[in-house]
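Biologist: Please pick a single part of this model and take a close look at it. I would like the charged and the nonpolar side chains treated together, with the cut-off for each term.

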Amino acid sequence: MHMENAVEYLEQFIRSVDGKDGHLNVVLGAEELRYAAREIGQISRAVTVDDVLDAVFRDFCIGK
């Protein structure tokens, strides 16, 4: 159950990146990643919200 939920949240994140104008809605995208991380954390206990946010701000060009 948790894995299926995580996959759905990640797919929603990808859809937010592939919007009509090609721009990521940072707030909605980060929220989808947070939900996915929570689901994965239920399985592995290894992912935190801080891990996800660090990756988002490190790997994505925000503000352009």
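Modeller: What follows is an account of helix α2 (26-44) and its surroundings.

The model is predicted, so local features need pLDDT of at least 70 and side-chain atom pairs count only at pLDDT 80 or more, while totals for chains, interfaces and linings use all residues. Residues are numbered from 1 along each chain as its sequence is written, and side-chain values use heavy atoms, with hydrogens and water left out.

First, the setting. The protein chain has 3 helices and 0 strands, in the order α-α-α along the sequence. Helices (H or I, at least four residues) and strands (E, at least two) are DSSP runs, numbered from the N terminus. The chain has 64 residues, of which 20% are buried. Buried means under 20% relative accessible area, exposed means over 50%, and partly exposed lies in between (1.4 Å probe, protein chains only). About 4700 Å² of the protein chain is exposed, and carbon and sulfur atoms supply 57% of that area. These areas come from the Shrake-Rupley method with a 1.4 Å probe; for residues, only the protein chains shown count as cover. Of the contacts between residues at least 6 apart in sequence, 37% join residues at least 24 apart, where contact means heavy atoms within 4.5 Å.

Now the nonpolar side of the helix. The largest nonpolar core consists of Phe13, Leu33, Ala37, Val52 and Val56. A nonpolar core is a set of buried Ala, Val, Leu, Ile, Met, Phe, Trp, Tyr and Cys residues joined through side-chain atoms within 4.5 Å. Helices α2 (26-44) and α3 (49-59) are the elements that give two or more residues to this core. Setting aside neighbours within four places in sequence, Leu33 touches Leu10, Phe13, Val52 and Val56. Val52 sits in helix α3 and is buried, at a relative accessible area of 13%. Val52 and Ala37 are 15 residues apart along the chain, and their C-alpha atoms are separated by 7.0 Å.

Next come the charged residues. The structure holds 2 salt bridges, a salt bridge being a side-chain nitrogen of Lys or Arg within 4 Å of a carboxyl oxygen of Asp or Glu. Side chains of opposite charge can pair when their charged atoms come close. One salt bridge joins Glu31 and Arg34, at 2.6 Å from N to O. Because these two residues are 3 apart in helix α2, about one helical turn separates them. Glu31 is partly exposed, with a relative accessible area of 28%, and Arg34 is partly exposed as well, at 23%. Glu31 also has a distant partner in sequence to compare: its C-alpha is 9.5 Å from that of Leu53, 22 residues away along the chain. Leu53 belongs to helix α3 and is partly exposed at 29%.

Two glutamates of the helix are unpaired. Glu32 is in helix α2; it is buried yet has no salt bridge, and the nearest side chain of opposite charge, Arg15, is 7.3 Å away. For this purpose Lys and Arg count as positive and Asp and Glu as negative, while His and the chain ends are not counted. Arg15 itself meets Glu8 in a salt bridge of 3.2 Å, N to O, and Glu8 is partly exposed at 34%. Leaving aside neighbours within four places in sequence, Glu32 is in contact with Tyr9, Gln12 and Phe13. Phe13 is also one of the core residues.

Glu39 lies in helix α2 too. Glu39 is buried without a salt bridge, and Arg38, the nearest side chain of opposite charge, is 6.3 Å away. With neighbours within four places in sequence left out, the contacts of Glu39 are His2, Asn5, Ala6 and Tyr9. Glu4, in helix α1, counts as exposed at 52% relative accessibility. From Glu4 to Glu39 the separation is 35 residues in sequence and 8.8 Å from C-alpha to C-alpha.

Last, the surface by the end of the helix. Ile43 joins Met3 and Val7 in a nonpolar surface patch, with about 270 Å² of accessible area together. Patches are made of residues with over 30% relative accessible area and no salt bridge; like charges are joined within 9 Å and nonpolar side chains (Val, Leu, Ile, Met, Phe, Trp, Tyr) within 5 Å. Val7 is found in helix α1 (residues 2-17) and counts as partly exposed at 38% relative accessibility.
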